[in-house]
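This note sets out some points for a colleague reading the model below. Please read them alongside the coordinates.

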Amino acid sequence: MLKTEIEKALDVLRNGGVILYPTDTVWGLGCDATNEAAAAKINAIKGRSDDKSFIILLDTDAKVQSYVTEVPDVAYDLIEFAENPLTLIFSGAKNLAQNVINADGSVGIRVVKHEFCTPLLQRFRKPITSTSANISGQPAPKFFDEIDENILAAVDYVVDWEQELRTPRKPSTIMKLGAGGQFSFIRR
């Protein structure tokens, strides 16, 4: 069943669609992070401003350097030793859709270790956007059955995996990396 769900999600991502999928944190809306039209569709689904950036997901820290101009050494340590999902904000984003990147040129990246996301990312071979599956301004749903019906109806595919999980999950910790390996917490 997992393999089938990954195949269906891959087909949608490759065709510029939007998936509703389980992540290592909350349920997310995802698309090809290099596809500007797909990212714009997520903004329309959420009813959020086009100037809001996205977090992107990768399956390994070896790919981070493909999407940012400089990776401070401390980033690899933070990723390796993080006990909970961690999103790192890097300056100098590259090779991504312009509407995925923050206005200041930064991008948030999370390397995921998740039964569904990791093999999906390995097969897709590109980053996937991740933003909580909620209407802008509303709380992020803790469980699948809390996702707004309008979102369910608007996406191109709803992944049939972990929908029954009742373990509350929370958004990732977010840290901003600065020059020389300096970092600060944005969200704990």
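The points below take up the sheet, the salt bridges and the pockets in turn.

1. Status of the model. The structure discussed here is a predicted model, and the remarks that follow should be read on that footing.

2. The sheet. Nine strands are arranged in an open sheet, where the pairing is mixed and the order is 7-1-2-6-3-5-4-8-9. The edges are occupied by strand 7 and strand 9; each has a single partner strand, so one side of each is left without a neighbour in the sheet. In general, the strands of a sheet pair through backbone hydrogen bonds, in either a parallel or an antiparallel sense.

3. Strand 2 and strand 6. These two strands run antiparallel and are joined by 2 bridges. Within this pairing, Leu29 stands opposite Thr131 of strand 6. Thr131 appears again in the largest pocket, where it is one of the lining residues closest to the centre.

4. Salt bridges overall. The model contains 8 salt bridges. Three of them are described in the next points, with the position and exposure of each partner.

5. Asp32 and Lys126. The closest N and O atoms of this salt bridge are 2.9 Å apart. Asp32 belongs to the loop between strand 2 (28-30) and helix 2 (36-46), whereas Lys126 belongs to the loop between helix 4 (117-124) and strand 6 (128-132), so the pair ties together parts 94 residues apart in sequence. The partners can also be set side by side by accessibility: Asp32 has a relative accessibility of 5% and counts as buried, while Lys126, at 33%, is partly exposed.

6. Lys41 and Asp156. A salt bridge links these side chains, with an N to O distance of 2.8 Å. Lys41 sits in helix 2 and Asp156 in the loop between helix 5 (149-154) and strand 7 (157-158); the pair therefore ties together parts that are 115 residues apart in sequence. Lys41 is partly exposed at 29% relative accessibility, and Asp156 is partly exposed at 39%.

7. Asp104 and Lys176. Here the N to O distance of the salt bridge is 3.9 Å. Asp104 is found in the loop between strand 4 (86-90) and strand 5 (107-111), and Lys176 in strand 8 (residues 173-177), so the pair ties together parts that are 72 residues apart in sequence. Asp104 counts as exposed, with 53% relative accessibility; because exposed means over 50%, this assignment rests on the stated value. Lys176 is partly exposed at 29%.

8. The largest pocket. Its volume is about 690 Å³. The lining comprises 31 residues, and those closest to the centre are Ser53, Ile55, Thr131, Ile174 and Arg187. Strand 4, strand 5, strand 6, strand 8 and strand 9 (183-187) each contribute at least two residues to this lining. By residue class, the lining consists of 10 nonpolar, 14 polar and 7 charged residues.

9. The second largest pocket. This pocket has a volume of about 190 Å³. Its lining is made up of Asp24, Ile79, Ala82, Glu83, Asn84, Pro85, Leu86, Val111 and Lys113. Of these residues, 5 are nonpolar, 1 is polar and 3 are charged.

10. A question for discussion. Which strands each supply at least two residues of the lining of the largest pocket? They are strand 4, strand 5, strand 6, strand 8 and strand 9, and strand 9 is also named above as standing at an edge of the sheet.

Key:
Residues are numbered from 1 along each chain as its sequence is written. This is a predicted model: local features need pLDDT of at least 70, side-chain atom pairs count only at pLDDT 80 or more; totals for chains, interfaces and linings use all residues. Side-chain values use heavy atoms; hydrogens and water are left out. A salt bridge is a side-chain nitrogen of Lys or Arg within 4 Å of a carboxyl oxygen of Asp or Glu. Helices (H or I, at least four residues) and strands (E, at least two) are DSSP runs, numbered from the N terminus. Buried means under 20% relative accessible area, exposed over 50%, partly exposed in between (1.4 Å probe, protein chains only). On a 1 Å grid over the protein atoms alone, a cavity is a set of points where a 1.4 Å probe fits but cannot get out, and a pocket is an open set with protein on both sides within 12 Å along at least five of seven lines; lining residues have an atom within 4 Å of a point. Grid points are joined across faces, edges and corners, and a volume is the space filled by probe spheres set on the points. Ala, Val, Leu, Ile, Met, Phe, Trp, Tyr, Cys and Pro count as nonpolar, Asp, Glu, Lys and Arg as charged, and the others, Gly among them, as polar. Two strands pair if DSSP finds at least two bridges between them.
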